[in-house]
Amino acid sequence: MAAGGGTGLRVLLLLLPVLPVPAARGSPGAAEKRCFCQVTGHLDDCTCDVETIDAFNNYNLFPRLNELLESDYFRYYKVNLKKPCPFWSDNSHCGVRDCAVKPCPSDEVPDGIRSGSYKYSEEANNLAEECEEAERLGAVDGSLSKETQQAVLQWTRHDDSSDSFCEADDTSSPDTEYVDLLLNPERYTGYKGPDAWKIWNSIYEENCFKPQNVKRPLASAGGDDGGHTFYKWLKGVCVEKRAFYKLISGLHASINIHLSARYLLQDTWAEKKWGPNVTEFQQRFDEVLTRGEGPRRLKNLYFLYLIELRALSKVLPFFQRPGFQLYTGNKIHDEEMKSQLLEILHLAKSFPLHFDENSFFAGNKKEATKLKEEFRHHFKNISKIMDCVGCFKCRLWGKLQTQGLGTALKILFSESLIEKIPESGPSYGFQLTRQEIVALFNAFGRVSTSVRELENFRNILRKMQ
């Protein structure tokens with residue numbers, strides 16, 4: 001994969017962020033309209049509308065999900081932040097102090113999480129112990145029961161499976177460490193400029209199925225026709241490729257909302273003050289300043305929300321099995337958290353206007369299979385690019401959110417396997433590691449938070465003269 005971009009693009013990037021934000025003049029709410037007037041109504045390729053998502057998320061799902069993500073099972077994420085960038089060698093690390101990540105001392109991580117690895121369910125833990133004991137004693141496969149042999153084979157296949165959409169970290173590596181996500185929140189770190197631009201340029205230009213001769217809006221100093229050529233191309237491609245671009249754009253928008261909502265407003269010896277930076281938000285989403293791109297980005301955020309919400313509604317059978325645990329070692333707390341998790345999944349299932357993924361990879365079976373593998377390959381590439389991010393905190397949240405979205409895609413494309421999951425016993429054919437579970441719900445938590453933050457920015461901009 002190429003390292004990405006030329007000098008002209010780098011110069012443009014350096015110029016764009018310092019564009020002044022003109023004061024919103026006129027009637028109250030003019031500033032709000034410039035960011036949000038087009039972010040309403042139905043979404044392309046969906047039957048859902050923005051208003052339904054806002055009401056469902058902000059007043060029903062968001063508060064419950066936020067509480068779940070503060071629990072021990074979901075706050076500790078094991079990650080390798082030391083992996084070298086696989087695509088270029090000139091990546092530098094951010095020296096800004098807010099880019100740093102503080103890993104957890106091992107004694108702060110609950111015993112059940114540290115010892116259980118990904119084999120979190122009761123039957124999986126039992127099988128793991130039986131297999132480890134058999135291996136220690138030099139037992140041959142024939143000493144295991146037929147059921148255990150099948151289960152072991154299932155876990156082996158899962159460990160080496162090709163159903164993943166992400167390049168996941170090897171959690172057994174000595175370079176992986178547990179990170180407390182609550183103590184390392186996603187927010188503005190000061191990481192920007194050519195290094196940050198190279199990451200997103202590589203993602204969009206080399207992994208979103210776009211021909212090189214089709215220029216993205218705002219991405220080139222020359223030949224920008226207001227996005228006409230780009231959106232004409234996007235409208236003409238298959239629904240899968242169009243969805244892929246919208247998912248990446250929506251993820252990008254969500255990250256930018258987080259950075260704008262948790263901006264370092266004051267940094268003195270006495271305290272740091274974080275809060276919403278309206279100017280930063282306008283620079284990224286104002287219709288005039290972004291030449292119409294801002295509202296499109298926000299609509300793509302809602303598309304991403306629908307995809308991840310649909311995945312949660314589909315995966316309910318996996319989590320509601322009696323043998324499944326959110327295992328931390330605290331039995332009472334674990335049972336309470338599972339109950340809360342199932343409540344959230346049932347709520348997700350009740351959403352009235354779900355995205356219909358059945359249009360994906362339909363038609364000619366051979367072509368559909370080929371396209372699905374391309375889809376998977378491109379997304380895996382993006383997950384690898386996260387190891388090139390120079391800011392460690394940005395790398396942490398980038399890796400988590402791409403793994404979360406990748407897990408959502410894995411769920412959506414494993415529907416037939418999920419439908420076959422028995423009510424008890426191992427879920428043959430479909431598995432999720434603890435890493436995938438933590439990433440899935442935290443990634444959706446980030447998108448849910450972004451939708452909620454949009455309401456805050458609407459209210460602030462509405463009051464601006």
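Me: Before we start, what do buried and exposed mean here?
Reply: Buried means under 20% relative accessible area and exposed over 50%, with partly exposed in between (1.4 Å probe, protein chains only). This is a predicted model, where local features need pLDDT of at least 70, side-chain atom pairs count only at pLDDT 80 or more, and totals for chains, interfaces and linings use all residues. Residues are numbered from 1 along each chain as its sequence is written, and side-chain values use heavy atoms, leaving out hydrogens and water.

Me: Thanks! Why is Cys-35 called buried?
Reply: Its relative accessibility is 0%, so Cys-35 counts as buried.

Me: And what makes Cys-104 buried?
Reply: Cys-104 has 13% relative accessibility, and therefore counts as buried.

Me: What makes Cys-85 and Cys-388 a disulfide?
Reply: The term asks for a pair of cysteine sulfur atoms within 2.5 Å; the S to S distance from Cys-85 to Cys-388 is 2.0 Å, so the pair fits. The count by this rule is one disulfide. Cys-85 sits in the loop between β1 (76–79) and α5 (111–116), and Cys-388 in the loop between α15 (365–385) and α16 (392–412), so the link ties together parts 303 residues apart in sequence. Helices (H or I, at least four residues) and strands (E, at least two) are DSSP runs, numbered from the N terminus.

Me: How do you know that α3 falls short of a straight helix?
Reply: The expected span is 1.5 Å times one less than the number of residues. With 20 residues (50–69), a straight α3 would reach 28 Å, but its end C-alpha atoms are only 25 Å apart.
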